Structure formats: structure tokens, C-alpha cells
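Work through the two exercises below with the model open beside you, and try each task before reading its solution.

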Amino acid sequence: MIAGLARGAKREAEATNERRVLVLAGDRDRGFDAAYDAIEAVVSDESDDVEGRRERASVSIVSTREGFRFEEHRPRGADELLGRTREVVVLDCHEQFVPNAVGRCVGAVDGGGLLVLLTPDLDAWPAIRDRFDDSLAVPPYEIDDVTGRFRDRFVDTLRSHPGIAIASLGADGPGGDAIERDGRTGPRNDAIGASSQRAPAERPAAPPNAAFPTAAYEACLTGDQVRAVRAFESLATPGNAVVAEADRGRGKSSAAGIAAGALALAGADVLVTAPAFRNAAEVFERAEELFERCERDESGSAPGGDAHRLDAPGGGRVRYRTPAEAADLPDDPDAVIVDEAAALPVRLLERFLNAPAVAFCTTVHGYEGAGRGFSIRFRERLRESRFAVRDVRLDEPIRYARSDPVEAWASRALLLDARPAVDEAVAGAALDGATYRTLAPDDLLADEALLREAFGLLVAAHYRTEPNDLARLLDAPNLAARALVADGRVVAVALLAREGGLDAETRRRMYEGERVRGNMVPDVLTSQLRDEAAAEPRGLRTVRIATHHALRGEGFGARLLDEVHGEFGTDGSESDGVDYFSVGYGATPRLLRFWRRAGYRTVHLSTSRNDASGEHSAIMVRPVTAPGEDGPGSDLLDRHAVTFRDRERDGLSDAHRDVDPDVVVGALRACSAPAPTDLTEAEWRSVVGASFGPGMYDSAPGAFRDLALAALIEGDAGSNERLDDREERLLVEKVLQGRPSESVADDLGYVSTGACMRALGDAYKPLVERYGTDFALEERERFTSD
């Protein structure tokens, strides 16, 4: 029965160049036996490749078990399937059902192929807890607190979507098997003949007057790829930019790789970046194939290289760097290709506009990163740049037909295509007319439109939103979602995580190095900053917050935070109350201002940059109690604010020496620690002498650092004379970060180092006025009196 069901699904898939899903529901051991029956029915153990060599069947099994005769992957390691092409992929969903793994497995199945899912009995599955659920049970919650809503919805999509066959496996053997659905897709089946082999599609022709070699266009599989590669030809000339957009599986990375290879064959140095090298692996594979083909054509040998660098026969090269490294344009590349650009923050993308020529390849929908930061905000920045921009979109799937039902099912089941409400539906929404509401998981499960709009906003706001996050939203006991709704449309959404409230034993283990899931801020404060008591107060961390892009800048985000503060912060002793609010994010001047205005204060700035974002991460805290009042949250902030201030006094000239001065200013401005102004008389003599007289900055560097910290922490508070932006950067770069005077003068636009140091003295004059003791003011009079 199972073999026949698999053959029918496979025959239809091959005839239509689509994919099919076969669900084997029931006992796990029976499921593996049935999966082997299905595999044997549709593929042979070995097959001939195009050159007559024998190879293993194109089958992969993703499971926590081992010992299969086919290629194996673990569910958490299903990333290894990205960019792969398989005839059959078996995903074991019993012991560890990872939503991300579903997306990776679907993406690996070729047209005409099968995705085989081994599941528990579908009716019982939502109530079963497994190892993935255990990851959602973050302390102090337990696995019994995790729900099964994501699986409930997932099962509904399996039972209702075309192209999915379901077999219920009998507990006592094949005699009890029953077919619930055959997965057939309709009248097209009548046209399926005895032969399941499709005629090969014609390769598109090279365009006339192409600058790239003919071999580059012969490597293209669709007309869309030809158009994309032709657009990439412009990168040979400085001042050009290309934007290539596509859904998953359309071959944009392949097109970028072909173009990178062609540019390198012409002698260009092509720098490639992506959030991780695996995201760029397809680029390198296609470039290497082009090198090998051209080299064989000329000399019969293949070029050398390694995984992260390929040397072209023409003298050029293709090389990879992480986004943070690549943004510095190391070794002055001729062209840069940014793959999965939507997965990178706008601030980092902007740095690539310093390249001679640049291409941005983005995924429109998919877990690789579909952030609207690229399509909404960075697009505008790109249009305003010096580049002539060519846009190309790839719509035609490479490996399966456009009508493939499995792609539509995966998009629906995992919300890969979730998006916010259309602009027209929210345009003109009034801030005071929006309603604050709880997005209860049961409400989201019952209202598909609400779920898609809320999750779509989270996808739009953050480049790392993925299918696992959908499961967390629906099932994780520590998470809560809140929204502003206007005229029935979600216009702002916040994903919140409860943290802390941990018992003494858990806090001790955390302090001694054990990682505790789902408690990001307590973990950093305890394990990194050595505060064993930090995980005792109860916190509510804003994991993500998003406002519809059509309403940004109109106060919806701030209003949503105010509502959250009012709901959860009224009384920390209540079961729903918390002691403090927190947030962690890649620090930029704009975000630091936003969170400071919302009442959050800095307690930490990471010493290293995030490889993908290129930013230093900031952690900020807002106590529930009012300023000056005692309470667990205010105590936590008070001690960590002072620690942060003192750490930055020394760390800015060490681990934080390369941090953007505007980020330093923003982080210090949001520090609530008292300003350090207790200078000795000797130190005041040095400061006053350097500001008003012939003294030297080098005579008391510590005093200058303390006053700089005080000025940046307090800003213009209590002073009629505020430092301007350049003066604040001068204090950061020269005094706090200790950069050489020459580089500071060059960076800040002073005509000479002498002018830079004179400006530094002038910047300290208002600080003497503001913080100076009677002794300091008397010392000043020696240089200012007539």
C-alpha cells in the first residue's frame, strides 16, 4: 500500500515537474520501515550520472537517529541541506520536530521529488511534547507549560492542502495501514502517461552583444537568470549597482555566482559577503564551475582555490568575508556582491555604498531573511546614492514548476510569505484611534488573518525571524505578544519575553558558567558581568517591536511601549507584574535615542561586533519603580549603571576603541549613573590650564576622561551651554578612546592636529564652568581676568 502510494505521488510529481509530500503517521519504527518501502518504490540504490558513473541514490534522512544507509542530517543541522538538490528527503518529526528543518527540507527537494514526513498519529501529535518543546520551556517554566498550537495548525495544513498524501500506519503492521489522503491534485492526472520522464527544458540563449563569455550564459537555467547575469555585467564598470530580488529557489545566488566568476575571469577582484558562508556557498559553487569549464576549454585543467577564495584563470578572484569585515572593503575589491542582503541591517548595508560597484541579492520571502529594512529603507538610500541602479527580479523557479503545490503549502504552514497589512489599509490611521490588545495564542490560531499580519510585521522588522519563531509565538510559555490595532489592522506589534525570577540554585549554576535558556539579560548580567543576584528580579524583555512601515515616525511604537509598561509594570508583586523592563539590540544612534526616550537606561555594550549586523549589542533596563524609589528593578539598574560607567571609562580605550563615536555618545547619554566629577586640586589645575591657559592635555588624562564621561552622561542637563555634535565626538575619539591626534583631526575635519587640540581645550571650557569647584573657578580667573 505504502509503495503504491509513493509511486503514484512520485509519478505525478515527475509528470508535472512539481513536488509532493508523503506523510507517514503513526509508530516511529513503523514509519521508518514504511519510508524505506517508499524509497525503494521510487528510487534505486544506485543510478548513473551523466558520465556513466555509479552514485548513491539522491536521498537524505533528517533524524535524531543514526545508522541509515542514506545521507544523514540532524534536525538542528538541516542547514546543511541549503543549496542541495535531493530526489527524496525524509524528515523524522518524532523526537525533535524543528520548524526550521521543515523549511530546509522542502527547499532541498527537486522537482519530481518527494518530501516524506514521519509523524506521530496526527490526532495525538499536538499533545505530544518533544526535544524542541523542551527548548521552549525556558526557566522557570517547565515542558508541561508548552502548548501544541503550532502542531495543531501544521496538521490542519497537511490535511487540507493539495499535493499531500497521508497514510495512517497500523500499530500491528502493514495490514492495518490506511490511506487518509492520496495527495492527487486533480484532472491533470488524466494527462499523465505511462512514462514519467519529462522532456528536458531548452536552455535559454545568450543575449546578443553580451560582455560575459558564452559559457556564463550557457550555465543559466532560465530566462530570468539570463536577464540577471546580463544585469550583473554592469559591475565591470565603477558607479553601477544591481539589485536582484527573488523568492526562494529562483536561482538568484546561482546567477550571482555565474556573474562573479565571469567578472573574475576578466581580472576583477570580487568580494562576496552574506550573513554566513553557507548562504554564499551557491555563489562560490557556480563561480568555480565556470572557472573549471573555461580552464578545461583552454588548457584541460581546473583552477585552484579554497572554500572561501577562488583564483580565476584570468587573474581575478572571488573571495568571501563576513558582513562586518566586508563592509570595510578589505584590499580594495573591484566589485562587491552582497547575498541575502535583506538579512543585514540598513546601517551595515550603507557601508557597501563605498565600493566601486556593488550588487545586492535579496530574498523576498523566506527564512534566510526578508527584512523590510532593505526593501523600504535601504532602497531609498540606494536611489539617493551616486550609483546607477539596475533592478532585476527572478520569478521562474529553477528546480520545479511555478504551480508546485508544496511551495504554496510550506509558505502557508511556516508563514514564509507572511506580510503586514497593505499600505492602503493602514494609511491615515490615527495614533489616538488605535486600540491596544493582547495577541493571545488561541486568538492567533483561530484568526489566520490576524496571525499573518502580526507575524508579518515581526518578519518585516527583524532579519532573523524564522519558522521556529512562529512556534515560539504560539507555544512558548515565557512569551507574550501585544499589538496596536487600527480599523481592524495590526499597525504595531511587540513580542515580549519574561525573564528572571530564578531560584538561588539556578542563579548559582548560571554564575558558575551554566547557560540558562531564554533569559538573555539575566544571563549577561550574571555570567559576563558577575552579578549572581541579577536573575532574581523578574524582567520583561522586548524581543522585537515593529511598527507598520507606512506609519513609522508617528509615535505608534512609543505608544505601544507605554501600554506595555502600564499593563505589566503597575505592581511588581502581582503575578503578572515585573520588576523591570529590558531590551537588547544592535546599537545605533537612532535606536539608542528611541529607547532612552522610552525610559530605558544602558547597562551593557558588548565588546565585539555581531558578525551579521556589524553592530555592538546594547542592553538597557527600565525599572518599574519611579526614579529614586527603592525596588528590585531600580537596585538592579543602579548597580549596573555605575558598573557600566566605570567600565566604559577604561574600556573605551581598549575593547571599545573602534565603536562609532555617535553610538558611544548615545549609550552614555542613556546611562543613569552619577557623573564622575570629584577631581583633586592638582587635576583641576591641569584641566583649567589646558582649557584656559598653556597647560597640556597629557598632564592628567584621567581627569579629562572623568569630565568627558560626565558631560556625555548629562548632556545639556543643568547647563546653558551644550557641546555640539563635533565636540562630543572629539571627547569620545581623543579623550575616551585615545585615538591618535592625527586620525582624530582627519576624521572630524580639523585643518591640523594643532587646531584639533585647541578645539579640545575649548570643549573643556564649559565643563570647567559646569563642574568646576571654587578652587577650579579661582584657577580659571588667573587666565581670564584682565
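**Exercise 1.** In what order do the seven strands of the open sheet lie, and is the pairing mixed or not?

*Solution.* The model is a predicted one, in which local features need pLDDT of at least 70, side-chain atom pairs count only at pLDDT 80 or more, and totals for chains, interfaces and linings use all residues. Residues are numbered from 1 along each chain as its sequence is written, and side-chain values use heavy atoms, with hydrogens and water left out.

Begin with the elements: helices (H or I, at least four residues) and strands (E, at least two) are DSSP runs numbered from the N terminus, and two strands pair if DSSP finds at least two bridges between them. The order is then S5-S4-S6-S7-S1-S8-S9, with mixed pairing. Strand S5 (71–73) and strand S9 (178–182) each have a single partner strand, so one side of each edge strand is left without a neighbour in the sheet.

Next, take the pair S8 (residues 164–168) and S9, which run antiparallel and are joined by four bridges; here Ile 166 stands opposite Arg 181 in S9.

**Exercise 2.** Which residues of H23 meet which residues of H25?

*Solution.* With contact taken as heavy atoms within 4.5 Å, Val 665, Leu 668 and Arg 669 in H23 meet Leu 709, Ala 711, Leu 712, Ile 713 and Glu 714 in H25. Sorted by class, this contact holds six nonpolar, no polar and two charged residues, where Ala, Val, Leu, Ile, Met, Phe, Trp, Tyr, Cys and Pro count as nonpolar, Asp, Glu, Lys and Arg as charged, and the others, Gly among them, as polar.
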